[in-house]
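Hi,

Here is the structure I promised to pass on to you. Have a look at it first, and then read on for what turned up in it.

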Amino acid sequence: MITDRYLPGTRLRLRRSERRDGGGPELKLTQKIPAERPGAVQGFITNTYLSPAEYDLLASLPAAVLTKTRLSVPPLGVDVFGGPLAGLVLAEAEFDSDEAALAFVPPVGCAAEVTEDVRFTGGSLVTTSRQTLAGWLGEYGIRLG
């Protein structure tokens with residue numbers, strides 16, 4: 001289970017990821033700066049790994065919260081959302097280079113390609129109502145279950 005806390009007015013996300021091996025959770029603060037050019041290219045991502053005390057201090061700040069379960073299906077990370085976004089499943093691929101990202105072909109069965117649709121980023125989804133999400137998916141011919 002992943003719990004993301006998006007800090008309003010910033011590009012910062014506080015993440016708590018429960019480990020499947022039963023070890024302690026992974027705690028980190030992430031800043032994401034989008035790429036300045038269109039397409040499936042990665043922007044700048046900075047991660048700072050936190051102690052439980054550091055996480056708890058930052059978790060006391062106001063935030064919008066998003067929960068999801070992540071499954072690994074290489075090269076994809078598949079996110080199954082909970083809460084108001086239940087029923088939404090997004091897959092994300094990460095690459096070592098822009099060339100590899102541009103050469104990627106989504107697997108057969110993908111319902112829609114939303115890479116360039118900023119509405120499907122975590123920072124946008126975290127404040128999205130179920131009704132709004134259903135409308136966005138409808139634009140892709142997808143019905144939210």
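**What was found**

Lys32 has a relative accessible area of 37%, so this residue counts as partly exposed. Please keep in mind as you read that the model is predicted.

Lys32 sits in strand S3. Setting aside neighbours within four places in sequence, Lys32 is in contact with Arg11, Arg13, Phe44 and Ile45. One of these partners, Arg11, is 21 residues away from Lys32 in sequence, yet the two C-alpha atoms are 5.9 Å apart in space.

Another of those partners, Arg13, is worth a stop of its own. Arg13 belongs to strand S2. Is Arg13 buried or exposed? Its relative accessibility is 8%, and buried means under 20%, so Arg13 counts as buried. Leaving out neighbours within four places in sequence, the contacts of Arg13 are Asp4, Arg5, Tyr6, Lys28, Leu29, Thr30 and Lys32.

Next, the pocket. The second largest pocket holds about 320 Å³ of space. It is lined by 15 residues, and Ile2, Ser17, Glu18, Arg20 and Arg70 are the closest to its centre. Strands S2 (12-17), S3 (26-33), S5 (64-73) and S6 (76-81) each give at least two residues to this lining. Which of them gives the largest share? That is S5, with four residues. By type, the lining of the second largest pocket has seven charged residues, four polar ones and four nonpolar ones.

Between S5 and S6 there is a loop, and Pro75 lies in it. Look there for the bond joining Pro74 and Pro75, a cis peptide bond with omega at about 5 degrees. As background, most peptide bonds are trans.

On to the nonpolar cores. The largest one has 14 residues, and those touching the most other members are Leu66, Phe81, Leu88, Leu90, Phe120, Leu125 and Leu133. Helix H4 supplies the largest share of this core, three residues. Another core lies apart from it and has five residues, including Leu14, Leu27, Leu29 and Tyr55. Back in the largest core, what does Leu90 touch? Not counting residues up to four places away in sequence, Leu90 touches Gly77, Val78, Asp79, Phe81, Val114, Phe120 and Leu125.

Helix H4 (residues 130-139) deserves a closer look. Its buried residues are Leu133, Trp136 and Leu137. Viewed down the axis of H4, these buried residues fall within an arc of 95 degrees, so they line one face of the helix. The general background is that an α-helix has 3.6 residues a turn, so residues three or four places apart point the same way. On the other side of H4, Gln131 and Glu139 are exposed. What do the buried residues of H4 pack against? Their partner is helix H3 (122-125). Just after H4 comes Gly141, with a positive phi of about 75 degrees.

Ser124 is found in helix H3. Not counting residues up to four places away in sequence, Ser124 touches Val118, Arg119 and Trp136. Trp136 is also one of the buried residues of H4. Ser124 and Tyr6 are 118 residues apart along the chain, while their C-alpha atoms are separated by 9.7 Å.

Two loop residues round off the tour. Phe95 lies in the loop between strand S7 (89-93) and helix H2. With a relative accessible area of 27%, Phe95 is partly exposed. Leaving out residues up to four places away in sequence, Phe95 touches Ala100, Ala101 and Phe104. The C-alpha atoms of Phe95 and Leu76 are separated by 9.9 Å, and the two residues are 19 apart along the chain.

The other is Cys110, in the loop between H2 (98-103) and H3. Cys110 counts as partly exposed, at 42% relative accessibility. How far apart in space are Cys110 and Thr127, C-alpha to C-alpha? They are 25 Å apart in space and 17 residues apart in sequence.

Enjoy exploring it, and write back with any questions.

Best wishes

How values were computed:
Residues are numbered from 1 along each chain as its sequence is written. This is a predicted model: local features need pLDDT of at least 70, side-chain atom pairs count only at pLDDT 80 or more; totals for chains, interfaces and linings use all residues. Side-chain values use heavy atoms; hydrogens and water are left out. Buried means under 20% relative accessible area, exposed over 50%, partly exposed in between (1.4 Å probe, protein chains only). The arc is that of the directions from the helix axis to the C-beta atoms. Contact means heavy atoms within 4.5 Å. On a 1 Å grid over the protein atoms alone, a cavity is a set of points where a 1.4 Å probe fits but cannot get out, and a pocket is an open set with protein on both sides within 12 Å along at least five of seven lines; lining residues have an atom within 4 Å of a point. Grid points are joined across faces, edges and corners, and a volume is the space filled by probe spheres set on the points. Ala, Val, Leu, Ile, Met, Phe, Trp, Tyr, Cys and Pro count as nonpolar, Asp, Glu, Lys and Arg as charged, and the others, Gly among them, as polar. A nonpolar core is a set of buried Ala, Val, Leu, Ile, Met, Phe, Trp, Tyr and Cys residues joined through side-chain atoms within 4.5 Å.
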